Amino acid sequence: MTARPRKIFVTCALPYANGSIHIGHLLEAIQTDIWVRFQKVRGHDCLYLCADDAHGTPIMLSADQQGITPEQLIERIHAEHERDYAGFEVGFDNFHTTHSDENREVAEAIYARLDAAGHIKRRTITQFYDPVKQMFLPDRFIRGECPFCHAQDQYGDSCESCNRTYTPTDLVNPVSSISGATPVEKESEHYFFDLPAFETVLHDWVGAGHLQPEVANKLEEWFSAGLKEWDISRDAPYFGFEIPGAPGKYFYVWVDAPMGYFASLKNLLDRQGRDVAEYTGAGSDAEMYHFIGKDIMYFHTLFWPALLQGSGHRLPSNVFVHGFLTVDGKKMSKSRGTFINARTYLDHLDPEYLRYYFAAKSGSGVDDIDLNLEDFRQRVNADLVGKVVNVASRCAGFINKRFGGTLAAHIHDEALLQEFTGAGEAIAAAYEAREYARAVREIMALADKANQYIDRHKPWEIAREDPGSGELQQVCSLGLNLFRILVIYLKPVLPGLAQRSEEFLGISPQTWDDQATPLLDHRINKFKPLLTRVEKERIEAMIEDSKESLGAGDAAGTGAGDDAAEGAGAGDAGGTTAGAGDAGGATAGAGDAGAATAGAGDAGGATAGAGDAGGATAGAGDADNAGASQTGADAINKHLADDPISAEVSFDDFVKIDLRVATIARAEYVDGADKLLQLTLDLDGETRNVFAGIKSAYRPEDLVGRQTVMVANLAPRKMRFGVSEGMVLAAGPGGEEIFIVTPDTGAKPGMRVK
RNA sequence: GGCUAUGUAGCUCAGUCGGUUAGAGCGCAGCAUUCAUAAUGCUGAUGUCGGUGGUUCAAGUCCACCCAUAGCCA
C-alpha cells in the first residue's frame, strides 16, 4: 500500500511573535500536524516546519512599550510558543524564527535575484508620518473619521462601521494612534515588487487545478481585478532586515515572513549537513505544502509564488486553505471567555480532546469550524471514551484475569477482522485529502461494529458458564485486535492515546501497515484507563480562567501577583500590545463582533486581539495593511487600547517597588520648565524632592497638604532643574487629564502601599 | 460598497449528475444488558432543507433577488 516514500515539506502559518498562541492558531497547527503525522505513519519522508514571525512595526512598538528590545521580546515569545505547541503534540521538525541568520540569507538572496532580473521598481510615494514619534505610520496606526459614513475613530484603511475601504489621507481629522499627534504627509522612496509581470505564470499555476475550488475562484476574482505592484519596503525605524544597498529601507514584514519557511528548513538541514535546495530549488522533486487561514491567501497564492518564480525557486505543490474558528457559534471573545489561550486550555484539559474534536469537524474546504463546547464534551466522551477506549476496557479484564494476559492464537471472526483492515485504504484516502471528519466518521462506525460484536458474543456470559473457555479468550482477543486497529487509524489525531495503547498492548510503535498483522498468542499488560472523560466543570473553569486573563491587567494594578500562571493572559490582554491589534491582526485575535464598532477602534491599538478568531491563521504579522479588516476588537475600553497592559512581572519583581504614602509639603513652579512642578514630599520625617510632570493639570497651591503615593526607592535622577528623588503616581493621558493618586482617608505618611 | 464562501433535525454535520418516503452521530424517549471509565446493544420521535420568486414532468440540489454569518479588497 505504501509505495515509494514521498519527500514532503509542510508548513503551517507563522504565529506573530507578539502574543500568545490561542486555540485559533491551534486549529491550523493541529490540522497540519494530523496530515504530517499521517504521512509519517504511512512511511513517507515528511518534514513539518514553522517559525515565529518576528518582524514589523507592532513588535517594535510592543517591545518599546515594555521597555525591552525587540530581540528580547521575540526571544521570550519564541520560548512560550514552542512550549505551547509542544503541549498540544504539534510535532514540528523545527520551530525557528524569521529574525535569524538563515532568513536574512534567504531574503537577501531572493531579493538580489529579483532585483537583477528587473523585478524591483523604485518610486517615491507620499505617506502619513508621525512628527512626534518620527516614523511613517502604517494604515492601522492612523485613526480618524470615516470619509463616507463619518463614523468616529476608524482605522486608516477601512471603516468598521460602513465597511468601506479608503486610504489614510481620506480620513477626516486623522490622528496617530501611537503618539496622538496629527500626522503629516511626507515623501519617501519605496521599493516595489513587479507582481503584474507574473500574471501569466500565476494564472497557469492556479489553472493547473490543484488548488481548492473556492480558492481558485477567489484568485480569478483577483486576476480580473488586475494585479498591482507590491510595496515591499518600509522606512526606518523598523524591526526587520535592511534591504541590501538601501540604507534606512527595510523589507516589509510580509516579504520575509514566508521566506521563514525556507529559513526554518535551512536551519534544520544545515544541522544535518544537507542542502535546502533539494526542497526549494527549481528542479526539486519534493512536494511542498502550506497550510494557511483564508485571510492570508493573497500572500500565499500570489506574492509568494511570484517571489519564488522570480528568484528561480520551485512553486508550492499546493496551498491548503482552511476557515476560521468560532466558539459556540461566535467569534472568540475575551469578555465571554472564549478567547482561549493554549496555556489556559492545557491548565484544564487534555490536548487530545481538542485534537479529536478539530479532526471530527475538519474537511478540505474553507468553511469555518465551530467549537461548540457542549458538543465538544459529548462528542469526546461518547466517541473516544464510550466507543473506542471502551472496546479495550471491556475485553482486557477477561484476558488478564482468566488467561494470564495472553491473547488467543486464533482469529474468532475472520470476516470482521477483514472488514476492519479493509477499511484502511478508504480512511487513508480521507486523511490524504484532508477530509478528517470523514476519516473519523468511518473509524467511529468501525468502533460501533466492535462494540456490537462484543455485545453479540457476550463474553460475560461465557465467563459465567465456562471461565476457561477458548471462545471467551478468542472473543476478547479479537476485541483487542480491533481496538488496536482503531488506534492505528486514529494515530495521526491521537498520538498520545496511541502511545499509551501500545504500552498496554506490549507492542512497538505501530505504523499504518501494521494494522494488517493481528496480535496472536501475544502477551499484553495490565489495563489502565487510557483516556478519561471530559468533565463539564473543567470546561467551565477554563472559560472562567479565560475571562480572568482579560482582567489580569487590573489585577496587576492592585498588586495581585497571585495568578502568575496566567502568563497567557498577560500575553494577550496586554501583551499583545499595541500593534498587535493592528498589525496584525495578523495574528489574529479574536474580536468580539458586538463590540466591534467602538471597541474596534481602540482595539486597534491595543490589543491584542483584535483580529478574529481565525487568528488561526496567524502567520501574518502584517504591520499595516493585511491585518486590516481583522480587527474585531473586543470589548476592551479605550484606555487599555491606547495604553496596553505591560508584560507580566513576577511578584518578586513587583515587591521591589517600594510605594509610600506621602504628604505634599510644598509645591511650586519650576523656572523654565514647561511641564514640571517641584514637590517636596513628606514621608513622616524624611522628605524627598520630586519633579513631577503635572503642571498642565494642577496648580501648586491646590496640591499642598494633599496626600499621594510615591515610588520611594526609584533611583534618583538628575534633571536640568535638580535631582528628582522619586515619582508620584498619577493616571491619565496627559494635558489637563492627569490625576494623581490619593490614598483613602486615614492613611499616614510613610505607610507602605502594597 | 464590491467580491468569494456558508446557511439541512435540539446540537454537530453528510447529502454525487436535479429523480421514490431527506440521512448519520450526539442528545432525547422506551426497552434490554451489567464485561466495561453510569460505558454497551435494540427500538423510536423529531425537519416549511435561511426567505421570496422563477426554470422544470420533477428542486435541498439549477437561476434571480433578499436576509444572516465569515473572509478578502493587496
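Colleague: Before we start, what counts as a salt bridge here?

Modeller: A salt bridge is a side-chain nitrogen of Lys or Arg within 4 Å of a carboxyl oxygen of Asp or Glu. Keep in mind that this is a predicted model.

Colleague: Okay, how many salt bridges does the structure hold?

Modeller: The structure holds 34 salt bridges. Side chains of opposite charge can pair when their charged atoms come close.

Colleague: Give me one. Which residue does Asp 33 form a salt bridge with?

Modeller: Asp 33 pairs with Arg 37, and their closest N and O atoms are 2.7 Å apart. Both sit in helix α1, which covers residues 23–41. They are four residues apart, about one turn of the helix.

Colleague: And is Asp 33 buried or exposed?

Modeller: Asp 33 is buried, with a relative accessible area of 1%. Arg 37 is partly exposed, at 24%.

Colleague: What about Glu 544, which partner does that one have?

Modeller: Glu 544 forms a salt bridge with Lys 547, with 3.3 Å between the closest N and O atoms. Helix α19 (residues 536–558) holds both, three residues apart, about one turn of the helix. Glu 544 is partly exposed at 41% relative accessibility, and Lys 547 is partly exposed too, at 33%. There is also a network: salt bridges that share partners join Lys 7, Arg 274, Glu 278 and Asp 285.

Colleague: Got one outside a helix? Where are Asp 235 and Lys 249?

Modeller: Asp 235 is in strand β11 (residues 233–235) and Lys 249 is in strand β12 (residues 249–251). That salt bridge links distant parts of the chain, 14 residues apart. The closest N and O atoms are 2.6 Å apart. Asp 235 counts as buried at 13% relative accessibility, and Lys 249 counts as buried at 11%.

Colleague: Let's talk empty space. How many cavities of 30 Å³ or more are there?

Modeller: A search of the whole structure finds five. The second largest has a volume of about 100 Å³.

Colleague: Which residues are closest to the centre of that second largest cavity?

Modeller: Of the 11 lining residues, the closest to the centre are Phe 136, Pro 138, Arg 234, Asp 235 and Tyr 238. So you meet Asp 235 again, the salt-bridge partner of Lys 249.

Colleague: What's the mix of classes in the lining?

Modeller: The lining of the second largest cavity has six nonpolar, two polar and three charged residues. Strands β5 (135–136) and β11 each supply at least two of the lining residues.

Colleague: Switching to sheets. What order do β6, β7 and β8 take?

Modeller: The three strands form an open sheet in the order β7-β6-β8, with antiparallel pairing. β7 (154–155) and β8 (172–176) are at the edges, each with a single partner strand, so one side of each has no neighbour in the sheet.

Colleague: How many bridges join β6 to β7?

Modeller: Two bridges join β7 to strand β6, which covers residues 142–145. Tyr 155 in β7 is the bridge partner of Arg 143.

Colleague: Last topic, disulfides. How many does the structure hold?

Modeller: Zero.

Colleague: Why is there no bond from Cys 46 to Cys 12?

Modeller: Because the sulfur of Cys 46 is 12 Å from the sulfur of Cys 12, the closest cysteine sulfur, and that is too far for a bond. Cys 46 is also buried, with a relative accessible area of 3%.

Colleague: And how far is Cys 395 from the nearest cysteine sulfur?

Modeller: The nearest cysteine sulfur, in Cys 476, is 4.6 Å away, and Cys 395 is in no disulfide. The cut-off is within 2.5 Å. Cys 395 counts as buried, at 0% relative accessibility.

Key. Residues are numbered from 1 along each chain as its sequence is written. Chains are lettered from A and ligands numbered from 1 in the order in which they are written. This is a predicted model: local features need pLDDT of at least 70, side-chain atom pairs count only at pLDDT 80 or more; totals for chains, interfaces and linings use all residues. Side-chain values use heavy atoms; hydrogens and water are left out. Buried means under 20% relative accessible area, exposed over 50%, partly exposed in between (1.4 Å probe, protein chains only). Two strands pair if DSSP finds at least two bridges between them. On a 1 Å grid over the protein atoms alone, a cavity is a set of points where a 1.4 Å probe fits but cannot get out, and a pocket is an open set with protein on both sides within 12 Å along at least five of seven lines; lining residues have an atom within 4 Å of a point. Grid points are joined across faces, edges and corners, and a volume is the space filled by probe spheres set on the points. Ala, Val, Leu, Ile, Met, Phe, Trp, Tyr, Cys and Pro count as nonpolar, Asp, Glu, Lys and Arg as charged, and the others, Gly among them, as polar.
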